[in-house]
Structure formats: C-alpha cells, structure tokens
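Colleague: I should be grateful for a close look at a single part of this model, explained for someone in the first year of study. Please take one residue as the starting point and work outwards from there.

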Amino acid sequence: MALERTCLAVVLAAGEGTRMRSARPKVLHAIAGRSLLAHVLHAVREAGGTMTAVVVGLDGEAVAAEAKRILPEAEIFVQAERRGTAHAVLAAKAAIARAPDDVLVIFGDTPLIRPQTLTRIREAVAQGTAVVVLGFRPQDPAGYGRLVVEGGELLAIREEVDASPAERAIKLCNGGLMAFAGPTALAILERIGNDNRKGEYYLTDAVAIARAMGCKAKVIETEEDEVRGINTNAQLAETAAVLQERLRKAAMEQGVTLVAPETVYLSSDTKLGRDVVVEPFVVFGPGVTVEDNAVIRSFSHLERAHVGKGAQVGPYARLRPGARLQENVHVGNFVEIKEALIETGAKANHLSYIGDATVGAGANVGAGTITCNYDGVAKHRTEIGKDAFIGSNSALVAPVKIGDGAYVGSGSVITHDVPAGALALGRGRQVVKEGWARRLRERMSLGKKAMPGK
Ligand code: UD1
Ligand code: CA
C-alpha cells in the first residue's frame, strides 16, 4: 500500500504569475475563500502521510507565511532565480536527498487537485514506476505540455513552445502533478538541462530522461476539472466557477436548500446544516457555520460567523468576523454584527450596528440602534441583558451595560450603565411652541426674513 510508504510532497510556488499582471504572487490569489496554495496544501494534508516542502521565490515571505499558516510543519525552500519547474524542485534537494519512498511534485497553481488522486499516483510508484504523470484531455490544450505516448508507453512530454505541429495536435496533456520513485528521483532531476526555446529547466524532461536511464514512466488520467492550471485571471475565474459548482452540489447533497444555487457564493470551509435554506444572492466568506433549520435570506454577506439552529438572517444582513448567533435569533435587514454574541431568541430586525457586544437571550434591539464601540482610540464592549428592550435609534456608548429586562427609550444616547428592570431615557425633553410654524409662514408671505420670535 502506497500510504505505508514515506512520501515527500514538493509544492512549487515560486512562479511570479506574470500572466496575471498582478502585484500579488500568483499562488496567493484566492478562490472560494482560500488561496490557491492553501487549496493545494489542504489536499496534501487530507491525503495524509506526507512530509511537505514548499518552494518559494526570493521575495516569497508572504507565500511562506501562508504555507506555514496551513501546514506549520512544512519546510520552506527558496528558489533564488526562476529558472524553470525542474530547477524549482531542486531547490528542495536537501529534502529529496533524504530518500523518501515517493516524491510528489505539485504545482501551487492547480488548486482543484483531490487528495485521492495524490494517493492514486503514489500507488503507481509503489508498483515500480520511476516517473508517473497525471494526464488529462483539456477542451483547449493551449499552454499545456503534450504527452507523447506510443504503444501505451509514455515516451516524453513536449512543452507547447517546443512542440512540432504533429505534437501540438496531441490531445493528452500534462496536468502538472508528477510522482517520482524516491531512490531515483535526484539522479533523474539532476540530469535535466535547459536546451529549449525558453532556456528553462523543464520538469517535464524527466520522462524522456528516466526512459533513457532504463526506468519506467507512466500516465494516469484524470478529468480536466481536477487539473485546471491557473495562469491568467480568466482561468482563475473559470476555476473558481468549477469549484463553486462542486461546493453547491455538495451542500445540496447534505440536505441544504439553495433556492438559486448559481447565485450563492460559498467558501471551501462553509458548513451548512440540514434543512438550512439559503435564498438567492448570498455570499459566504471564509469561516462560516450555519446550523440546522436556519434561513439565510437574500443579499446577506457572512464571514467568520456562526449561525445557530433555526436562526433567521437577512435579507440584507452582514455578519462580520466573530458574529455568533444562538438558536432562533433574528437578524434583519441592514443589520451589521461584528464580534458579538447574540443569545437565544434575541432580535435585531432593522438598521443596526452591533459590535463588540453581548445581547442577552430574548432581548429586542430596536431599529437604528448603534453600539458606539470605538472612541477613536480603543474598542469597548456593550452588554445588553436578557429580555432588555432597546428603543429605536438609540446610541449605546461603550463601555456600557444594560441590565436584564431594562428599557431604553427611543432616541437615547446611553453613556452610563442601566440597572436591571430600569427605564433609561437619554435624550432632551420635547419642547412644543404653539403657533410657531404658522407665524413663520405668515411673516415669510409678507417678505420678511426675520424669525417669528418666541
Ligand atoms: C507547466 C508544465 C506543463 C503543464 C502545466 C500544467 C513545465 C515545464 N510545464 O506549465 O507541461 O501542462 O504546467 O498546468 O513544467 N514555478 C516555480 N519556479 C519556476 C517556474 C515555475 O516555482 O522557476 C512554479 C509556479 O509557481 C507554478 C508551477 O511551478 O506553481 C508551474 O509553473 P508554470 O510557469 O505555471 O508552468 P506552466 O507554463 O503552466
Ligand atoms: Ca501553470
């Protein structure tokens, strides 16, 4: 069994991504709430049993940090000059030299690779093949290396720029994932030269070299969607769309109702419980869990938030990081919640900002209530007790506590704690001046500008 063997996964992430014309390193572009590199490293982790080497460029601090965030045990290697994919693999020579049974080479820009495929390709190595290549038949082969196969034998991989017209007509392409038998890996890799149109050290030359050394090479095929390589922004968007479709399908298979699936944006780590209903046009950023029977209504945006059982969110709600809604909470239109615990059955149905706060069970937060959590220097907390009632358009100036069952009158500015069961009115008294408006209009009709007096 391949998995009882030792394995090193070398993840190549030093490319500049010139074709994306972006200042950001290519592998840090994100789809479904995760960087391309994170997708690949998650697959490596799920496949299990591998040591991981990540190859970054000279200015690759951000890429290295992302790798460590996902896989703290990953070893980072620097490829000081970008001289091709084989040159990049050799940046991790020290790790390869420890002679693991299998060496996997994975490109950081093929984010849809599945863990079971990593296992499958290793199994072929375990059966005595020196180089195994993951092949596929893309709709449009432009840009991919072509696999030269004769009589069922993989002879070579030809990069498109170096391919003859006959070779360009080959439909079977290199998906980018390769596996090497550990003991012969270095001998093969070190023989790769750069005598080609681009003057680069191509990893793909490993196939012809292995064969010349009398070793076996082999192709394993997979479908296009798994090995879409991302070189351009258009490919980033196409790959993101493929992933969204996968995620929506998986959610529906788990018992989630997506009213208009194609309008819902999910993240790879979105967790939706049974009988959750998601209305059209909802965005799930990273880190969202929604428990059973909750309803997320249209145009809501959620990120690093937890929605409890039976809760109702939206339409037009925004749950920001640290929003935690317990069971049966209602959060309505134009309500923004950040770093706040909203306890069972509490409601904030209209036009509110609740940040750095606790809202007790059964409390009612009226329309237009704002927790003034920031004084220009530091953030402060607001605590609203259970069953409290906050009248519309109130400003709760933190730090402040509203006791259990207390009432805050509409339009209040609350700067001091309110005891449990009390009423607080934090606004000026209403003044009425009889006839004032009538007198104003009369004077204006006489062409006078002055105010009508008291
Ligand atoms: C590569 C393959 C091609 C295959 C395609 C699949 C080679 C020579 N070509 O082409 O056969 O069909 O992928 O998607 O291998 N990288 C480095 N250092 C370098 C160069 C690249 O780390 O010096 C990394 C990049 O960050 C990227 C990966 O290697 O993650 C692949 O490089 P890229 O330039 O995208 O190769 P392709 O032209 O797509
Ligand atoms: Ca590529």
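Modeller: Let us begin with Met 20, which is buried, its relative accessible area being 3%; the model is a predicted one. The cut-off for a buried residue is under 20% relative accessible area, so Met 20, at 3%, meets it. Met 20 belongs to the loop between β1 (7–13) and β2 (30–31).

The surroundings of Met 20 come next. When neighbours within four places in sequence are set aside, Met 20 is in contact with Lys 26, His 29, Ile 230, Asn 231, Thr 232, Asn 233 and Leu 236. Arg 83 is not on that list; the C-alpha atoms of Met 20 and Arg 83 are 19 Å apart in space, with their positions 63 residues apart in sequence.

One of the contacts of Met 20, Asn 231, leads to the calcium ion (ligand 2). The protein donors of this ion are Asp 109, through OD, and Asn 231, through OD1, at 2.3 to 2.5 Å from it. These two donors link distant parts of the chain, being 122 residues apart. Asp 109 is in the loop between β6 (102–107) and α5 (115–126), while Asn 231 is in the loop between α9 (224–227) and α10 (233–253). Both donors are buried: Asp 109 has a relative accessible area of 12%, and Asn 231 has one of 18%.

Further along the chain from Met 20, the loop between β2 and β3 (34–35) holds Ala 32. Phi of Ala 32 is near 50°, a positive value in a residue other than glycine. Most residues other than glycine have a negative phi, and most peptide bonds are trans. Ala 32 also counts as buried, at 2% relative accessibility.

A second positive phi, of about 65°, is found at Phe 299, which is not a glycine. Phe 299 lies in the loop between β17 (295–296) and β18 (301–302) and is partly exposed, with a relative accessible area of 43%.

Finally, the part should be placed within the whole. The protein has 11 helices and 33 strands, and buried residues make up 49% of its 454 residues. Its radius of gyration is 31 Å, whereas a compact globule of 454 residues would have one near 22 Å. The C-alpha atoms fill a box of roughly 105 × 55 × 40 Å along the principal axes.

Notes: Residues numbered from 1 in each chain as written. Chains lettered and ligands numbered in written order. Predicted model: local features only at pLDDT ≥ 70, side-chain atom pairs only at ≥ 80, totals over all residues. Heavy atoms only, no water. Helix = DSSP H or I, 4+ residues; strand = E, 2+ residues; numbered from the N terminus. Rg over C-alpha atoms; globule rule 2.2 N^0.38 Å. Buried < 20%, exposed > 50% of the residue type's maximum accessible area, 1.4 Å probe, protein only. Donors = N, O, S within 2.8 Å, 3.2 Å for Na, K, Ca; no water. Contact = heavy atoms within 4.5 Å.
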